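These exercises practise reading a protein model step by step. Try each task before turning to its solution.

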Amino acid sequence: KAKELGKNNFQVYTSSMNAQTFKIFSLESNLRNAIDLNQLELYYQPKVCPNTYDIIGAEALIRWNHPEWGLVLPDEFISLAEETGLDIELGSWVKRTACIQNKLWQDANLPKIPVSINLSANRFLEHSLLINTVETLKETKLEPKYLEVEITETSLLENEKIVFSVLGGLKELGIKVALDDFGTGYSSLSSLKRFKGLIDILKIDRTFIKDLSEIETDDSNFITNMIIQLSQQLKMEVVAEGVETSEQLQVLRNYNCNTIQGYLFSKPVSTADFEKLLRKGKIMPLESNTEDEDFI
Ligand code: C2E
Ligand code: MG
Ligand code: MG
Ligand code: MG
């Protein structure tokens with residue numbers, strides 16, 4: 001059974017190795033082979049205009065289909081990939097796959113939309129990111145404006161010189177940078193000041209969105225409204241993450257939020273399923289037919 005799991009999976013389970021260590025060990029050796037064995041897949045989640053319901057973008061999210069464990073979500077293996085250096089290969093694979101796919105959609109005459117990829121902090125902080133990205137765009141013939149990168153605030157806390165040069169490089173290339181999970185970091189506001197003009201999009205974290213209410217009694221309402229106004233003042237786009245209800249959507253519409261992402265419109269879906277959505281171009285909120293919104 002051990003051999004079936006992959007060539008690097010030495011099952012040296014000694015008494016000094018506890019079950020947790022073994023699990024990580026086995027996860028790592030399996031992940032090492034995941035790319036070669038074609039077990040990785042990108043799912044895409046639409047980003048939607050709250051007024052027209054047009055699909056105006058997508059986020060690529062990695063999935064790992066393990067033959068025994070089933071679908072493994074990124075939260076279970078991304079940090080391990082970062083610790084073991086596997087994220088180098090994984091990150092290149094994600095970028096290349098997303099660019100190839102987006103170009104295929106464009107060549108099939110589907111609406112042209114930017115697709116964003118998530119960058120881990122380690123990968124973001126390397127000059128090779130820029131070279132590597134230029135090569136990928138060239139190879140895939142995707143225009144830079146159709147690739148976006150999502151980074152977290154922690155990426156910005158590292159070596160300031162490198163951060164500036166990478167952000168500047170991406171700007172020169174014409175690739176937009178989004179600040180993911182915005183509002184949850186240590187220095188959300190000071191990041192905006194320090195990196196003014198280098199960050200194009202704020203993605204309001206789901207923790208603020210989930211408590212939005214139409215009677216506006218929750219602090220999340222004020223914080224969300226403030227982030228949206230801030231983004232407008234600073235000439236940035238703003239995306240609300242994790243929108244699940246039509247009430248949240250209505251509140252965000254009232255606050256003039258540009259872009260909505262969340263289960264209310266669609267979960268992240270496979271390439272084939274996303275293509276079907278993109279073919280329609282628009283996507284309706286899932287609740288609107290089932291909930292009696294006008295009935296108070
Ligand atoms: P993220 O970039 O903040 O992505 C948003 C996460 O929220 C995704 O989880 C998405 O499926 C989930 N989500 C979207 N809408 C809703 C909603 O309405 N309700 C709820 N409850 N959840 C929603 P996922 O795909 O499991 O990814 C988790 C995290 O893993 C991502 O957070 C990102 O930080 C990381 N990740 C995903 N793909 C990659 C990748 O290719 N590379 C790297 N470095 N990190 C990745
Ligand atoms: Mg993201
Ligand atoms: Mg996020
Ligand atoms: Mg996140």
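**Exercise 1. A network of charged side chains**

Task: In this predicted model, Lys47, Glu59, Glu148, Glu150, Lys203 and Glu241 are linked in a network of salt bridges. Examine two of the pairs and state which strands they link.

Solution.

Step 1. Recall the principle: side chains of opposite charge can pair when their charged atoms come close. The cut-off used here is a side-chain nitrogen of Lys or Arg within 4 Å of a carboxyl oxygen of Asp or Glu. By this rule there are 16 salt bridges.

Step 2. Take lysine 47 and glutamate 148, whose side chains form a salt bridge with an N to O distance of 4.0 Å. Lysine 47 belongs to strand β1 (residues 40-48) and glutamate 148 to strand β5 (residues 147-151), so the bridge links distant parts of the chain, 101 residues apart.

Step 3. Check burial, for which the cut-off is under 20% relative accessible area. Lysine 47 has 7%, so it is buried. Glutamate 148 has 6%, so it is buried as well.

Step 4. Take lysine 203 and glutamate 150, a salt bridge with its closest N and O atoms 2.8 Å apart. Lysine 203 is in strand β7 (residues 201-204) and glutamate 150 is in strand β5, so this pair ties together parts that are 53 residues apart in sequence. Both lysine 203 and glutamate 150 are buried.

**Exercise 2. A salt bridge within one helix**

Task: Aspartate 107 and lysine 103 form a salt bridge. Explain how their positions in helix α3 relate to the helical turn, and classify each residue as buried or exposed.

Solution.

Step 1. The closest N and O atoms of aspartate 107 and lysine 103 are 2.8 Å apart.

Step 2. An α-helix has 3.6 residues a turn, so residues three or four places apart point the same way.

Step 3. Aspartate 107 and lysine 103 are four residues apart in helix α3 (residues 87-107), and therefore about one helical turn separates them.

Step 4. Aspartate 107 has a relative accessibility of 51% and so counts as exposed. Lysine 103, with a relative accessible area of 19%, is buried.

**Exercise 3. Two neighbours in helix α10**

Task: Isoleucine 223 and threonine 224 both lie in helix α10. For each one, decide whether it is buried or partly exposed, and say what surrounds it or what it helps to form.

Solution.

Step 1. Helix α10 covers residues 219-233 and includes isoleucine 223. The relative accessibility of isoleucine 223 is 32%, so it counts as partly exposed.

Step 2. Together, Leu189, Ile223 and Met226 make a nonpolar surface patch of about 260 Å².

Step 3. Threonine 224 has 0% relative accessibility and so counts as buried. Apart from neighbours within four places in sequence, threonine 224 is in contact with Ile204, Phe208, Ile209, Leu212, Leu252 and Tyr255.

Step 4. Leu252 leads to helix α11 (residues 246-254), where the buried residues are Ser246, Gln248, Leu249, Val251 and Leu252. The buried residues of α11 pack against α9 (206-209), α10, β8 (237-240) and β9 (259-260). After α11 comes asparagine 256, which has a positive phi near 65 degrees.

**Exercise 4. The ligand and its surroundings**

Task: How many residues surround ligand 1, and which are the closest? Which polar side-chain atoms lie close to its oxygen and nitrogen atoms?

Solution.

Step 1. Ligand 1 is surrounded by 22 residues, and the closest are Arg63, Asn118, Asp180, Glu244 and Tyr263.

Step 2. For the oxygen atoms of ligand 1, a polar side-chain atom of glutamate 59 lies 3.0 Å from one, and an N or O atom in the side chain of asparagine 118 is 2.8 Å from one.

Step 3. For nitrogen, a polar side-chain atom of glutamate 244 lies 2.5 Å from a nitrogen atom of ligand 1.

Step 4. On its own, ligand 1 exposes 800 Å², of which the protein buries 85%.

**Exercise 5. The chain as a whole**

Task: Describe the chain by its secondary structure, burial and contacts.

Solution.

Step 1. The chain has 12 helices and nine strands.

Step 2. It has 296 residues, of which 49% count as buried.

Step 3. Among contacts between residues at least 6 apart in sequence, 68% join residues at least 24 apart.

Step 4. The chain exposes about 15,400 Å², and carbon and sulfur atoms supply 53% of that area.

Definitions and conventions. Residues numbered from 1 in each chain as written. Chains lettered and ligands numbered in written order. Predicted model: local features only at pLDDT ≥ 70, side-chain atom pairs only at ≥ 80, totals over all residues. Heavy atoms only, no water. Patch = residues over 30% accessible without salt bridge, like charges linked within 9 Å, V, L, I, M, F, W, Y side chains within 5 Å. Areas by Shrake-Rupley, 256 points an atom, 1.4 Å probe, with all protein chains shown as cover. Buried < 20%, exposed > 50% of the residue type's maximum accessible area, 1.4 Å probe, protein only. Contact = heavy atoms within 4.5 Å. Near = heavy atom within 4 Å. Polar contact = N/O pair within 3.5 Å; in protein donor to acceptor, adjacent residues only side chain to side chain.
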